[in-house]
Amino acid sequence: MAKSTLDRLASLGEEVLDKASQNPAAHRILQGAMQLKDRVDDLSKRVRGLEQMEKRLSQLEKRLAKLEYAAKKKPPAAKKTTAAKKTSSK
């Protein structure tokens with residue numbers, strides 16, 4: 001039975017991977033690639049956290065703008081002062 005092109009390619013790929021795993025230099029490269037993948041995953045988690053913080057900051061800025069607008073809109077409350085009673089000397 002003749003092997004299909006895909007079967008040949010798969011077996012060739014397996015051979016290459018087997019030889020590469022035995023080569024120390026290829027092993028180090030593969031190990032570095034795996035560490036890089038882990039670092040990228042960690043960074044992507046951090047970026048997602050930053051996106052959430054930016055969204056929350058935006059909401060807080062909108063709330064602050066509303067409060068500042070409301071404070072400008074209201075006139076300041078008038079302070080009530082009581083006049084000191086004058087005492088007359090007799």
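Three exercises on a predicted model follow, each with a worked solution. Residues are numbered from 1 along each chain as its sequence is written. Local features need pLDDT of at least 70, side-chain atom pairs count only at pLDDT 80 or more, and totals for chains use all residues, while side-chain values use heavy atoms, without hydrogens and water.

**Exercise 1.** Check the span of helix H2.

Solution. Helices are DSSP runs (H or I, at least four residues), numbered from the N terminus. The protein chain has 2 helices and 0 strands. Helix H2 covers residues 24-73, which is 50 residues. The expected span is 1.5 Å times one less than the number of residues, and for H2 this gives 74 Å. The end C-alpha atoms of H2 lie 73 Å apart, so the two values agree.

**Exercise 2.** Find the salt bridge of Lys 37 and place its partner in the helix.

Solution. A salt bridge is a side-chain nitrogen of Lys or Arg within 4 Å of a carboxyl oxygen of Asp or Glu. Lys 37 pairs with Asp 41 at 3.2 Å, N to O. Both belong to helix H2 and are 4 residues apart, which means about one helical turn. An α-helix has 3.6 residues a turn, so residues three or four places apart point the same way.

**Exercise 3.** Classify Asp 42 and Arg 46 as buried, partly exposed or exposed.

Solution. Buried means under 20% relative accessible area, exposed over 50%, and partly exposed in between (1.4 Å probe, protein chains only). Asp 42 has 36%, so Asp 42 is partly exposed. Arg 46 has 56%, so Arg 46 is exposed.
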